[in-house]
Amino acid sequence: MEPLSWPMIFAKMAVQFWPVWLALIVTVALSLQFRRRLGLYGKLFDSNVGMTGFVIVMFWVFTALFADMIITFDPIAQLSGLKNVVPGTPVPDSDQWYLLGGDHLARDVFSRVVMGARRVLTIAPAATVIAFMVGITLGLPAGYFGGKLDTGLSFIANLVLAFPVILLFYLLVTPEIRSTGVPIALAAVLFLFPVIFVSVLLNSRYFTTPARRNLYVGVALVLGLWAYSGLAFNADPTGIWSMDPNLLNVFVSVVFVNAPTVFRIVRGIVMDLKSRDYVAAGQTRGEGAWYIMLWEILPNARGPLIVDFCLRIGYTTILLGTLGFFGLGVSPESPDWGSTIDDGRRLLSIYPHPAVVPALALMSLVLGLNLLADGLREESMRD
Amino acid sequence: MLPFLLRRVGVMILTALTLSFVVFCLTNLAPNLEKLARTEGSVRMSDEAVDSWIINNGHGGLMITRYGQWLGVVPGWTRTDDKGVTRGRCITEGVTAEEAPRFCGILQGDWGTSTVFREPVAKTISDKLASTGWLMLWVMLVMVPVSLIIGVMSGMREGSRTDRVLSTFAIATTATPEYVSGVILVVIFASATTGISPLLAEWGWIDGRTLFLGTATSAIDQITFWNFALPVMTIALYGIGYIARMTRASMTEVMTQQYIRTARLKGVAFHQVILKHALRNALIAPFTVIMLQFPWLLNGVVIVETLFNYKGFGWTLVQAAGNNDIQLLLACSVVAVFVVLVTQLISDIGYVFLNPRIRLS
């Protein structure tokens, strides 16, 4: 077979991505059709910036979802004779090409990038969600009550923020530290917050009707603690919830880095919002402090929080890439973008493609998230 | 002002102590010490030998006392072995046990010895910091003016075409972490096979094979445009977007103020309004941001020095962490934390000085 030319490579790739195109068209068409009924999400389609960002982000989300259908080769299979081959090289004994070339271990760069999207897009949003729950659960009372609680929590948050991120990663994500149990202890603390958050959220809403409250909080606690035992201690008897120790280490450190910033943002917003009239009205009605925080203040703080959430997923993606770039906490087989860039950079000036492809992928995803956040900010300000 | 300053410095010292203690604990964990024993002693030591090596070399005992010794507020350890030879933390070669000072920690200026570079940590750190200082200086010289100009240009006429173009550029650079932009810049400018270098070489515009050098190793001895442009650009690019966006936000806010309208209505020319009335007020917020950017620069420095093999502070940190060089890593952390805390302090004080509207109680 002939090696492919660049236009042919792009055409072949576009064909490989067919499930993504299909899903994108359906999503955008449906959203445009019903955008007047979709609130903030619908308004996103009024701004070009926001829509561009949304399409880029959804492209990668669908790529992660349909990764199995898109890849042309097994992302960890090494085929002999294809080491560092240029993009568009035909693979012997098959009717396929290495669309974006081969890497230093003769693996298919294209398939690795697609699979890497799946890895990045499972860890980054999940870590951001946990970081938000930690930040919200601590930031709400710190801002609302103030005083000693605020001073103490702010001091701890500033401690973490004064750490250069890379140093923290080098201290927290090493094979040695896993044997001391520090990541598990951190996980035990950090993963507890989502459970607390959901339980308090439901309790404060339904505590006037004890029967329903008991049911909801009970279900939340059972599910939450079940997941908690599995994720933090790997002690889930059914084995549904479990996390690879390597992954847990990375995950926990990323949450740990992000949570203090979220805390500071939430605290700032709450301090601003707590002097509003509706909070005073709630207080005179005799509403509990947690009800006011979670059901009066938090919904009103959603605008800046949603914007920051998008930005933070991008930031987390960058952090994960940094970890991979330094070879921390990832297995050598892992197709995630950071470690692929790290592998590729050694031969960068001779064979640029193994490093450039994941670099562009990471950049486009973060760019999409930033544009999406910008669009959301613009639209939420118009409310 | 003075009580504010004192309180701020007090919190800073408390933070520095807490953080250095945390770093001390994390670097002196049992597995790290065991690894140290095996590299310094012998690889084939039995577990008992490792334990006794750890205790004999002063790594036993409570974490807090060891931290005190390292800091220099607790007397250094001494131990007399069976042969009557006294060894201790403060007893170095050529100093007898009697002459040795009682305290020798970082407060006394004793930072220990690096196991990787086989020289005093204080020397390693000061050498490498000097190299990184040059990098930082050039980054600042490029980053600050460029980002302020971009921010002011796009903020002075919000929504104009200039604004759209510059804002998009700013967003794009904030989405490009150093390890991505570094890779892309090397491929475009410093590769003999791809990018623009082969073209330029063919046309005879450049003497060498590439426009810029892909490594900055030679910059340790002599900094040239040729070997330093790419590392500086890589770090600066990520910061530019962020500072420019902050400047833009602050500039657009200032431009809606009453006094700007008054100035315009008086008939002052637009560029005069920008230079005389808007700029000073618009630059308060970016000052804080630039100062708080230092911790991020530190991140960028580590990545870029690794990527371009420039043997400065960041490169040293990676070496120390990768080779379990406890003393060096501790010193690196102290320096890094110190830089972060001092810049935070400067940013707080500067903000108060620059902004007359803030009155401290």
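Chain B has a radius of gyration of 26 Å, whereas a compact globule of 361 residues would come near 21 Å. The C-alpha trace of chain B spans about 90 × 65 × 30 Å along its principal axes. Please keep in mind that this is a predicted model. Below, we look at chain B, then at its contact with chain A, and then at some individual residues.

**Chain B as a whole**

- The secondary structure of chain B is made up of 15 helices and two strands.
- Of the 361 residues in chain B, 48% are buried.
- Among contacts in chain B with a separation of 6 or more, 65% join residues that are 24 or more positions apart.
- Chain B has an accessible surface of about 18,000 Å², and carbon and sulfur atoms account for 63% of that area.

**Where chain B meets chain A**

- The two chains bury about 3,800 Å² between them, with 78% of this on carbon and sulfur atoms.
- Chain B brings 49 residues to the contact, and chain A brings 40 residues.
- One salt bridge is found across this interface.
- Asp374(A) and Arg245(B) meet through their side chains in a salt bridge, at 2.5 Å from N to O.

**Salt bridges within the chains**

- Over all chains, the structure holds 20 salt bridges.
- In chain A, Arg35(A) forms a salt bridge with Asp46(A), and their closest N and O atoms are 3.0 Å apart. Arg35(A) sits in the loop between H2 and helix H3 (39-43), and Asp46(A) in the loop between H3 and helix H4 (48-65), so this pair ties together parts that are eleven residues apart in sequence.
- Both of these partners are partly exposed: Arg35(A) has a relative accessible area of 25%, and Asp46(A) has 38%.
- Arg36(A) joins the picture too, as Arg35(A), Arg36(A) and Asp46(A) are linked in a network of salt bridges.
- In chain B, the side chains of Arg248(B) and Asp163(B) meet in a salt bridge at 2.7 Å, N to O. Arg248(B) belongs to helix H9 (residues 225-255) and Asp163(B) to helix H6 (residues 161-174), so the pair ties together parts that are 85 residues apart in sequence.
- Arg248(B) counts as partly exposed at 22% relative accessibility, whereas Asp163(B) counts as buried at 3%.
- Arg38(B) and Asp47(B) also form a salt bridge, with 3.2 Å between the closest N and O atoms. Arg38(B) is partly exposed at 21% relative accessibility, and Asp47(B) is partly exposed at 48%.

**A nonpolar patch on chain A**

- A nonpolar surface patch of about 970 Å² is made by ten side chains' worth of neighbours, including Trp18(A), Trp21(A), Leu22(A), Phe34(A), Tyr41(A) and Met69(A).
- Helix H2 (residues 18-33) of chain A gives the most to this patch, with six residues.
- Leu22(A), which lies in helix H2, is exposed, with a relative accessible area of 51%.
- The C-alpha atoms of Leu22(A) and Phe62(A) are separated by 9.7 Å, although the two are 40 residues apart along the chain.

**A buried arginine in chain A**

- Arg112(A) is found in helix H6 (residues 109-145) of chain A.
- With a relative accessible area of 1%, Arg112(A) is buried.
- Beyond its neighbours within four places in sequence, Arg112(A) is in contact with several residues, among them Pro75(A), Ile76(A), Asp103(A), Arg107(A), Glu333(A) and Thr340(A).

Note on methods. Residues are numbered from 1 along each chain as its sequence is written. Chains are lettered from A and ligands numbered from 1 in the order in which they are written. This is a predicted model: local features need pLDDT of at least 70, side-chain atom pairs count only at pLDDT 80 or more; totals for chains, interfaces and linings use all residues. Side-chain values use heavy atoms; hydrogens and water are left out. Patches are made of residues with over 30% relative accessible area and no salt bridge: like charges are joined within 9 Å, nonpolar side chains (Val, Leu, Ile, Met, Phe, Trp, Tyr) within 5 Å. Accessible areas come from the Shrake-Rupley method with a 1.4 Å probe; for residues, only the protein chains shown count as cover. A salt bridge is a side-chain nitrogen of Lys or Arg within 4 Å of a carboxyl oxygen of Asp or Glu. Helices (H or I, at least four residues) and strands (E, at least two) are DSSP runs, numbered from the N terminus. Buried means under 20% relative accessible area, exposed over 50%, partly exposed in between (1.4 Å probe, protein chains only). The radius of gyration is taken over C-alpha atoms; the globule rule is 2.2 Å times the number of residues to the power 0.38. Contact means heavy atoms within 4.5 Å. Buried area is the accessible area (1.4 Å probe) that two parts lose on being put together, summed over both.
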